[in-house]
Amino acid sequence: MIRVESDYMVVPVRKDLGGDLGLAFIGTQVCPLGIGPRLNNDSGLSINFFPVNSKKGVIRESIDLNVEFTETYTICQHHSNVWRLDHYNPQKEDHMITNGGVKGNPGRDTISNWFKIVKYGVGYKFVFCPSVCNYCDVICKNVGVFVQNNGQTLLTLSNEPLEVRFKKV
């Protein structure tokens, strides 16, 4: 059971992808930072979940929620630790998950900041399919991985989901 405002590590089920999720450079770009499994199975950053309706203390499956790293990362101080779909455009094919999102305020202006958790295999998967805006044009896709030339794996929208487990900190 995943609880609201509790700290968790997100751990890929496939060990060959790396360690817990954390922040990583996207190519030579400094900010925003991408999100992906840490290289060399290093420890990642803990996260909190903030559902659209935070009155209940448990994260329900397929509920819109914001995902936020709990630790401060000093490289991109002008970017929040909230996950977002970078440069959201429903007609575009490639979408990286980065930091710099906005927590709360469901609607058109924050559509790129809402994710869902869905049971998958022996664990869970993240899905981008926000329902916080009834009149918005949205895409619905799994959150999977993309491997950069330097070997760093980053989260992106994909047909193949990244299967994860949540480890309470």
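**Entry 1: M9**

I began with M9, which has its place in strand β1, and I note at the outset that I am reading a predicted model. I asked whether M9 is buried or exposed. At a relative accessibility of 8%, M9 counts as buried, because the cut-off for that class is under 20%. I then listed the contacts of M9, leaving aside its neighbours within four places in sequence, and found D20, a run of S43, G44, L45 and S46, and a further group of R165, F166, K167 and V169. I also looked up M9 against V143, which stands 134 residues away along the chain, and the C-alpha atoms of the two are separated by 17 Å.

**Entry 2: the nonpolar cores**

I turned next to the largest nonpolar core, which holds 31 residues, and wrote down those that touch the most other members: F49, W83, I97, I117, F126, L155 and F166. The elements that give two or more residues to this core are the strands β1 (8-12), β2 (21-26), β3 (29-37), β4 (47-51), β5 (65-69), β9 (123-128), β11 (153-158) and β12 (164-168). Which of these gives the most to the core? It is β5, with three residues. Apart from this core I found another one, of five residues, and I noted I111, W114, V132 and C133 among them.

**Entry 3: W83 and R84**

I followed W83 in detail and, with neighbours within four places in sequence left aside, recorded contacts with L21, I35, V67, F69, I97, T98, G101, S112, N113, F115, F126 and L155. The next residue I looked up was R84, which lies in strand β6 (residues 84-85). I asked whether R84, a charged residue by class, is buried or exposed. R84 counts as buried, because its relative accessibility is 18% and the limit is under 20%. The side chain of R84 reaches the backbone oxygen of N99 at 3.2 Å. Under the same exclusion of sequence neighbours, R84 is in contact with P32, with the run M96, I97, T98, N99, G100 and G101, and with S112, N113 and F115.

**Entry 4: backbone geometry**

Having met P32 among the contacts of R84, I checked the peptide bond that leads into it from C31, and this bond is cis, with omega near -5°. P32 itself has its place in strand β3.

I then looked up two residues that have a positive phi although neither is a glycine. S62, with phi of about 65°, is found in the loop between β4 and β5, and S62 is partly exposed, with a relative accessible area of 37%. N105, with phi of about 50°, is in the loop between β7 (97-98) and β8 (116-120). N105 counts as exposed, because its relative accessible area is 57% and exposed means over 50%.

**Entry 5: the largest pocket**

I closed with the largest pocket, for which I noted a volume of about 170 Å³. Which residues line the largest pocket? They are V13, R14, L17, Y120, G144, V145, S158, E160, P161, L162 and E163. By class, I recorded six nonpolar, two polar and three charged residues in this lining.

Note on methods. Residues are numbered from 1 along each chain as its sequence is written. This is a predicted model: local features need pLDDT of at least 70, side-chain atom pairs count only at pLDDT 80 or more; totals for chains, interfaces and linings use all residues. Side-chain values use heavy atoms; hydrogens and water are left out. A nonpolar core is a set of buried Ala, Val, Leu, Ile, Met, Phe, Trp, Tyr and Cys residues joined through side-chain atoms within 4.5 Å. Buried means under 20% relative accessible area, exposed over 50%, partly exposed in between (1.4 Å probe, protein chains only). Helices (H or I, at least four residues) and strands (E, at least two) are DSSP runs, numbered from the N terminus. Contact means heavy atoms within 4.5 Å. A polar contact is a pair of N or O atoms within 3.5 Å; within protein, one must be able to donate a hydrogen and the other to accept it, and residues adjacent in sequence count only if both atoms are side-chain atoms. On a 1 Å grid over the protein atoms alone, a cavity is a set of points where a 1.4 Å probe fits but cannot get out, and a pocket is an open set with protein on both sides within 12 Å along at least five of seven lines; lining residues have an atom within 4 Å of a point. Grid points are joined across faces, edges and corners, and a volume is the space filled by probe spheres set on the points.
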